[in-house]
Amino acid sequence: MDWDKLRIFHAVADAGSLTHAGDTLHLSQSAVSRQIRALEESLNTTLFHRHARGLILTEQGELLFDATKSMTKRLDAASARIRDAEEEVFGELRVTTTVGFGSLWLAPRLPQLYAKYPNLKIDLILEERLLDLPMREADVAIRMKEPSQADLIRKRLMSVRMRLYASPKYIEERGMPESLDDLGDHRLISQNAQSAQVSAGAMLVQEIMSHDVGSFLTVNNYFGVLQGVIANLGIGMLPDYLTDDVPELVRVLPDVESNEVPVFLAYPEELRHSKRIEVFRDFVTEEIFEHRRRLREQNA
């Protein structure tokens, strides 16, 4: 049904008069009457009994008025929630980031965000491909490089370095290498050189592979690399943010690490005043502040 005709019907039923409804809607009485007749024709029914004292709803008209009252209440509630967005956070927020960062760092921290904002709905999109934020493929992105798309607000969150880690059991069984030349007795687990990844990580893989490494396992994301390390398969090249949530990892060859990899949060300019974006940005910023504090304590 035509929502405009339903809106006019609701105003007439509520006012009980074509004239009063026209005044409310800023329409002429004849225009209101035409819309009501068109609605009755489309439904093949009579919605009003016409009397000298005004209009009285028929049984069919009462049914439709109940429906439009319900619709109007829901629309009014939605409008109120939009107006009150400064006070309440709700609705869907589509967040995109890499498989590794999303599954290993972000997802384990989301319970704290939901505890504060239980009506928020996160749609977490994990893939290495850069989604087009201005075209609204996602609302907000966390990426391992500064986004180049136009009309984006960018915030640098932190820096990450790729380092070598192993499980305690693997080190116990295979020994701790003292230099890259010792990797001939070990298996290296890393991202596949053909997969999408930050250039600093790719450069470190190339440097390590220039030595005589005994065996390789390559995966197309860091989540898979971590699973290989936990399964005692070898020495994995992993981002250093994992030390928070997987403290049992053993650092291997502490002098070997990648250049800094900047981590950026970005969202479209048009969402500058979105309350959902604001609380998500503040949440991530607070979690990273705590991450840095713990790293300082570990290194103290």
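How do the residues of the lining of the largest cavity divide into nonpolar, polar and charged? Keep that question in mind while we look at the space itself, and remember that this is a predicted model.

**The cavity**

The count comes to 1 cavity of 30 Å³ or more. About 30 Å³ of space lies in the largest cavity. Its lining is made by L18, S33, I36, F48, R50 and L55. Two elements, α3 (29-43) and β1 (48-51), give two or more residues each to this lining. Now we can return to the opening question: the lining residues divide into 4 nonpolar, 1 polar and 1 charged.

**The sheet**

Let us move on to another part of the model. Here you can find an open sheet of 5 strands, and reading across it gives the order β9-β8-β10-β7-β11, with mixed pairing. Which strands stand at the edges? They are β9 (215-219) and β11 (250-257); each has a single partner strand, so one side of each is left without a neighbour in the sheet. On average, neighbouring strands of this sheet are turned by 30 degrees against each other, direction ignored. As a reminder from general chemistry, strands of a sheet pair through backbone hydrogen bonds, either parallel or antiparallel.

**A closer look at β8**

Strand β8 covers residues 187-191 and pairs with β10 (residues 235-239). The table sets out two pairings of β8, with one residue pair for each.

| Strand pair | Sense | Bridges | Residue pair |
|---|---|---|---|
| β8 and β10 | parallel | 2 bridges | I189 and G236 |
| β8 and β9 | parallel | 5 bridges | R187 and S215 |

To find these pairs in the structure, start from I189, whose bridge partner in β10 is G236. Then go to R187, which stands opposite S215 in β9.

Is β8 enclosed or open? In this strand 4 of the 5 residues are buried, so β8 is largely enclosed by the rest of the structure. "Buried" here stands for under 20% relative accessible area.

**A helix across the strands**

Finally, look for helix α9 (residues 222-230). This helix lies across β7 (162-166), β8, β9 and β10. Relative to β10, helix α9 runs at about 140 degrees.

Methods. Residues are numbered from 1 along each chain as its sequence is written. This is a predicted model: local features need pLDDT of at least 70, side-chain atom pairs count only at pLDDT 80 or more; totals for chains, interfaces and linings use all residues. Side-chain values use heavy atoms; hydrogens and water are left out. Two strands pair if DSSP finds at least two bridges between them. Helices (H or I, at least four residues) and strands (E, at least two) are DSSP runs, numbered from the N terminus. Axes are lines fitted to C-alpha atoms, for helices over the stretch in contact, and angles run from 0 to 180 degrees between N-to-C directions. Contact means heavy atoms within 4.5 Å. Buried means under 20% relative accessible area, exposed over 50%, partly exposed in between (1.4 Å probe, protein chains only). On a 1 Å grid over the protein atoms alone, a cavity is a set of points where a 1.4 Å probe fits but cannot get out, and a pocket is an open set with protein on both sides within 12 Å along at least five of seven lines; lining residues have an atom within 4 Å of a point. Grid points are joined across faces, edges and corners, and a volume is the space filled by probe spheres set on the points. Ala, Val, Leu, Ile, Met, Phe, Trp, Tyr, Cys and Pro count as nonpolar, Asp, Glu, Lys and Arg as charged, and the others, Gly among them, as polar.
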